[in-house]
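Trainee: Could you walk me through one part of this model up close? I'd like to see how its pieces line up, residue by residue.

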Amino acid sequence: MSLFNFRNCCYGDSKASGVDKDLPQSHEDSLLGLRVDLIKKACALAFKAHKSPKKYYLLEKKNRSWLEADLIIISFHGSWASSDWFVDKSYGVTKINQQLFPSLKSIGNDEAALVNEAFQLRFESILSNSSLKHEVKEAMTKGKQLMFTGHSSGAAMAILATLWVLEEYLTNNNKNKNHKLPQCITFGSPLIGNHIFSHATRRENWSHHFTHFITTLDIMPRILFAPFHSIQPIFSSILQLFNPKSKSSGTDSETDRVISEFYSTVMRNTATVTSYVISNLMDDTNLLLETLPNLVDLSPYRPFGNFIFCAADRPPVVVRNSDVVLQLLFYTARINDMSEVSDVSKKSIMQHLRYEVELQQSFEISNVVYLDQLEELSLAADGSNRLTVSTALDSFGLDTIARLRLRAAGEWQKQKYKNEEKVNREFNEKAAATMKHLKDYKETCEISYYDAFKVHKDERDFKANVKRLELAGVWDHIMEMLKKYELPDEFESKAEWIERGTMYRTLVEPLDVANYYRHFKDKDGGPYMDKGSRPKRYRYLQRWLEHAGRMKSEDDYSESCFWAELEEIWKEINDNNGSFEDVKERVLKLETRIKEWFEKGKLDKDVLFEGSTLVNWWKALPPNHKKESPIRSLVEMSQGINMQ
Amino acid sequence: MIQFNEFSSGIELASYVTSSGLLCRTWNTISSSSIASNKGERLSWKVHKEEDADLKIIVFETTSQVKLALVSSLELKNKNFLHFEFLCTRKNPEFQLNKDAYHLFYENLQSLDELKSHVTSSTRLIVTGQGLGGSVAILFTLSLLDIFTTGKNRPLCITFGSPLIGDMNLQKAMSRSTTWNSCFLQVVSHKDPLPRLFVGPHATQYMPFGTFLFCSDESSTCFENPESILEVLKAMASIQGENQGFQSSEYGNIVEKLYQKSIYKDLLARGVDMTGCSTLQASIILQLSALGLTPQMQQKQYNIDINNLVRTIEILEKKYNHQKRTIFDPTKKLNVMKVDMVQLEWYKKDSRNQNIGYYDRYKNMLSTNKFSTSDQDVVNFHKNLTNYWEKMVETAELKPQKEGAAFRTRWLFAGTNYRRMVEPLEIANYYYSNEGYKKFPKSYFETRSKHYKQLEEWLKEGTAAASNSNSTGTRNVESILTFDSCFWAHVEEAFISCKVVKDVKVDVQLKEKAKKKLLEFEDYVYGLLKNYEVSSDIFLRDSSYMTWWNEYEKIDGAVSHSKLGRFMSNANNYNVKYVKGTYNFN
């Protein structure tokens, strides 16, 4: 029996949700698919963890009345040492550990996500020093439901732990029906990663595993917008205000001053980041956006996952669009004027510690507000597209400027889907038939496909070349959009597109290689596989497939472009008067892989037709080598068949 | 990106700038008295280095007055003052600068060049000044632009309350490069009369460029469309009247206040009914009200129609956005153009299979005026490709020098290929269609399109830079395109010369001239052959070249001893030996 009701969740994990008669059905008892009593319990545990800072984490799995038998809650405590928040760099980010988190990257662009280095270091140490790995393994094998939780920087640990479990247990290679999807509920979490971090979690469809509760004024989710040097002198004393074991009472006037300064600095940086991001979404051709980032170091941190804004006096507001979350982080915590700064800044500190109370009261208000479809948002403060939304926005004090920003964020999201639709249409209208044409061309070639195109003798070869270019147009356009993140996040992991891309790459790239060597472009441009020569579209598409199957990357060449390696080795031996010994290793490696591709059905037998570059190349190898060659039997067999 | 709803992000941009603290930092340097100042002619400047932030700030100060008069860039050129010459192009050869600002710069030229020599692209740089000092900052930054070609660490010029500096042509020159334009941020208070001094019916020549950050006591907003900026300046003038005792030092308070207020709730456009407004309209209403220009004003004594202003700016912004989005981007159509090239490649090959060169096939089609549908296609490919490359070359020409050079290198291969494939068609068209030679018998070279010349120029630049290109050795002369894309024009001219020599009515002098030309042509062809730079297509039986040769041979004594004559005397030389690379040219 699953404990989580994903009824309200728009993402498609139907397996996890199941049909569950025993689950509470009214939304008073559940929020974003999470049972309210569980949320409260998780919150209590997140705070309880602070009290045992010596333990790496707390684990609850006893069969209690409120706890189903197969649920395990793991909670992490926070740290109040400044070194656990910032390593000494302006924003303390580093490339994410790709061993632990191979999915957290932009696939085609081949760019790893950035993550807070101090958080990552702490998590790595937990993973290698504690029994977490063991506990998780046991739980997953037994098909138990894991829930990670944490407050403050403990939340960062819960997030990384959840991501690690998702990577370890739920990606293709080790997927197991028995495994249950882990959940992560955080309270007052700081941001931990950059826009690629956020993009990658959405792409993997992991967003809904993360529910971040934040009280509207809590300073914590905004802290990392400020460069470390701007808050460094006071950061340690601020952290002590959060430390339950700290002696400082936080009432004297010096503390007041520090708190005000801290709040103002953090909020001003929040204003800078949010204005920058929204300017880009509204109009990415602005002149200043080109020059100013060189002079103003902007925080790279961005929110990810689902957010629930809570306050004691209003219903919980659920926000799933990360761009909207970002804007709200600024708009929900502004002040009217200087006279408020002392009061609000104190609240911004206090609220970080009041989650149990604020949540309790917020949950008592019976309606939940979902901030969706913001592209239709009314601009006027008293607008009424949906009453609850409007009331919620009013209660946040969102004026027309803010509403315009939310609308822009909403439209940006919608635009991405429109772009995808357009690309889809273009593909169906043009590319599908063109692919068919090339497939027919390949099947009717009398010599090997690669060689037919390279010789380029008949009109059909020219027609194939035209088709090749038409397809290049379609795919280049897609690559350009991906580079600018103008397509939906999940685009690069959609089975449909990966299949289309792989079919395209394996069918058409040999023609690109043939064209390259046919025109002697290697004379000026170097080998086809060199950076800058192999078209971006093929590099991206190969990475899609490799990522989807969590395969090792074939950086040097894949089955769709091994011809290039063949040509290069050939040149090495013939043109440069090299000896076979110089290229022996490359030859052997290529042969081994050709054999493997044949076994996997990744290469068609036409590459072994009489007279193909591959066959001629192989025949010209030294006899001693041929005897031991991995593809000897392959070549001989196909020649035998041809002769009959 | 295609947005269904347009936004104007001026308020957001302004908030980005004001909250970042950049303006405060810059103003503090301007007002700081602890930094040593260098005194020049009526101008002083100081340099401040923030070591930890890797930032240099250069401040210009002057107490001079500024007047309306402009000076032309041609006059600067006559004085051999060439700092801004790079802004001029053939299409836009002249611009005008404010005379007083220019004089301040010119009088201090030596010291400023010295200052400039210390600027490198490795440090982040802000150039700033207030009032006329800001104008000098603009000129100094302009003179730097040619150094910063890559996007990294380009300088930012921030002016406070500076008057407009140049005319419409300067603005046009600046808009050639978004990189250039993005280096200028001009802060203008709505109370400051100086920035709007050269706006209005008495000063119609002035035109702003760069981004303007307008501010009132309460709020701020950015505009970057020069025409919108003018409208706003005018509107400010009409409600603020003349000088109300605005002190330039107030900018310090203004930027500080905006910095403080960046975390306050906005009170903009409270009570303005925006039902039915588009997002763009709403954005503009907010932008104007940030400057105190609200619709409520109409009820007051001011003589200004805000609703009208909103509409005007909306139209201007739409036009401007449209322009920005439809800038010709050659990469977008590249694959389509490649298809046309492949089609022509096939045309060439197919012609050869029919034992005719593609030049002659195209020429025959034009002279007999018989077009099959596939011929008609070729005419279209020719047209499309020419249109594309004419535009493409023009775009490259308009780019700033170094940026343009990089651009040209990138397109070198495709451009050369295009020229060699398509120019022969252009030549056929010139000599055999009804426009061109038949109407005005002049040689092709006198009317050759500029873009072909430019493309050839790029190749020369490119190969000079990378001298290792494989210009020696044999190559596959059956599949190459003849290197000199004008080869066929030379052939046509030689053919005409033959006719002249044979024509009994032509006088001797002209005949001698024609004979000389023919000898030159012989040398030219032999030179190409020697380097294997000519496609073997020219030796096909009925080609124009062979026709010419047959005519030329008949002229008595012309060829018997020449090198080319020896080569042409035996078909085996050109049909076999040339193709195989075994003919001995020496």
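Mentor: Start with Lys46(B): its bridge partner in E3(B) is Val59(B). That pair belongs to a ladder of 7 bridges, in which E2(B) and strand E3 (residues 55-61) of chain B run antiparallel. Strands here are DSSP runs of at least two residues, helices H or I runs of at least four, both numbered from the N terminus; two strands pair if DSSP finds at least two bridges between them. This is a predicted model, so local features need pLDDT of at least 70 and side-chain atom pairs 80 or more, while totals for chains, interfaces and linings use all residues. Residues count from 1 along each chain as written, chains are lettered from A and ligands numbered from 1 in written order, and side-chain values use heavy atoms, without hydrogens or water.

Now follow the chain from E2(B) to E3(B): their hairpin has 4 residues between the strands, and Asp54(B) takes a positive phi near 55 degrees there. Going the other way, E2 (residues 44-50) of chain B also pairs with E1 (residues 38-39) of chain B, antiparallel again, over 2 bridges. In that pairing Lys39(B) sits opposite Ser44(B) of E2(B). The hairpin of E1(B) and E2(B) likewise has 4 residues between its strands, and here Arg42(B) is the one with a positive phi near 55 degrees. So picture E2(B) bridged to E1(B) over 2 bridges and to E3(B) over 7, with Arg42(B) in one hairpin and Asp54(B) in the other.
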